[in-house]
Amino acid sequence: MKQFLLGILFVAMAATAHAASDRPEQITVAYFSGWPTPNLFSQLKNTYDAALGTRVNWVSYKSGYEMNEAMQSGEVQIAYSQSHVPFLLGVTAGLDLHMIGIAVAYSGNDNCLVRNDAGISRANVTALEGGKIATLVGSVSHYRLLKMLAHLKVDSSKLEIVAVDNATAAADALRKGEVVMACAFGTALRSMEQIGSPLMSTAEQEAIGLRLFDVVTVTTDFMRQYPETVQTFMDVTEASNNQWKLKPDPMRAGIAQVAGMEQDAADDTLTGFSFPSMKQQKSDEWMGKAVIDYSKSIADFFVAHGRLKKSLPLSDYKEHITTRFLR
């Protein structure tokens, strides 16, 4: 483990060595507790501080919207694993932020399940027409549902969308037989798996561009003033992810500790996570193109369902997404 820590330091410091005057005395990074990621191990070991030559204050927030507010006020410079939608809504509303990386992908954490006793499968999927589907209207789950139905050639105009307030309500509706299909995420989705099955696997959804992911974001002013600091932060994060892929077991206890989770819960959550490499993140499948297009598509969807007054041009979303820190 000592060799791992030294390896991270070597990679980050060798790549971004710079004078002390070129870096801030301290920075504040937002993150989620209860959200286990490999970089928490480096947080625990103060690896970021050592590589940056800067004191790093880690502050836990409950939502990506709180992170937006903290960055707008200047309290936070970098947000790690901010949800994509809060970032999207923030920049649409005028927040001057940049997406600089993909923190974690977890498409399997959001899906739509059909009741097992409904007798509906891919073979007769159009039998959904005339039925009821529960989802949080205007949400990413709703967006994904309509995209999946279109891909499966199901006429969504012949369905009744039952609006619910949250994922738990969607799961309850499926459990009670009030709907034939429901869309949910997280714990609610897990609870539905006992009585329902997905029509499309996670891999199939990703193949048609339906991804669920958190991002690394930074205030534009900080990015422009301290690009070397931002680069080193991303380098340490990449090294943490690489070590997790190669030898995760020595990191598990530390990750769970910082995440504030029981070991079994942290391990179970991590099985549904993937951490794209920098090379993958900068490709057209991610931030090179797909994430830009996806952001515009979701923004337009939110406008259509009253969640946004208006969306920005595609070029504007592109300006808020940069691959410059992905080696």
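This tour proceeds through a predicted model, with selections to make in the viewer at each stop.

**Stop 1: strand 10**

Begin by selecting residues 213-219, which form strand 10. Seven of the seven residues in strand 10 are buried, so the rest of the structure largely encloses this strand. Colour the side chains by face to follow the arrangement. Phe213, Val215, Thr217 and Thr219 lie on one side of strand 10, while Asp214, Val216 and Val218 lie on the other. Both faces are covered, and each of these residues is buried.

**Stop 2: the partners of strand 10**

Keep strand 10 displayed and add residues 78-83, which make up strand 3. Strand 3 and strand 10 run antiparallel and are joined by four bridges. Within this pairing, Ser83 stands opposite Asp214.

Next, add strand 4, residues 97-105. Strand 4 also pairs with strand 10 in the antiparallel sense, here over seven bridges. Which residue of strand 10 is the bridge partner of Val104? The partner is Asp214. Asp214 thus faces Ser83 in strand 3 and Val104 in strand 4.

**Stop 3: a buried salt bridge**

The structure holds 10 salt bridges; the following stops visit some of them. Select Asp110 and Arg144, whose closest N and O atoms are 3.4 Å apart in a salt bridge. This pair links distant parts of the chain, for Asp110 belongs to strand 5 (residues 110-115) and Arg144 to helix 6 (residues 140-151), 34 residues apart. Are the two partners buried or exposed? Asp110 has a relative accessible area of 4% and is buried. Arg144 is buried as well, with a relative accessible area of 1%. Buried here means under 20% relative accessible area.

**Stop 4: a partly exposed salt bridge**

Move to Arg190 and Glu193, which form a salt bridge with their closest N and O atoms 3.0 Å apart. Arg190 counts as partly exposed at 35% relative accessibility. Glu193 likewise counts as partly exposed, at 42%.

**Stop 5: helices 12 and 13**

Finally, display helix 12 (residues 249-259) and helix 13 (residues 263-270). Select Arg252 and Asp267, whose side chains meet in a salt bridge of 3.4 Å, N to O. Arg252 lies in helix 12 and Asp267 in helix 13, so this pair ties together parts that are 15 residues apart in sequence. Arg252 is partly exposed, with a relative accessible area of 24%. Add Asp249 to the selection to complete the view: Asp249, Arg252 and Asp267 are linked in a network of salt bridges.

Notes
Residues numbered from 1 in each chain as written. Predicted model: local features only at pLDDT ≥ 70, side-chain atom pairs only at ≥ 80, totals over all residues. Heavy atoms only, no water. Buried < 20%, exposed > 50% of the residue type's maximum accessible area, 1.4 Å probe, protein only. Helix = DSSP H or I, 4+ residues; strand = E, 2+ residues; numbered from the N terminus. Pairing = 2+ DSSP bridges. Salt bridge = Lys/Arg side-chain N within 4 Å of Asp/Glu carboxyl O.
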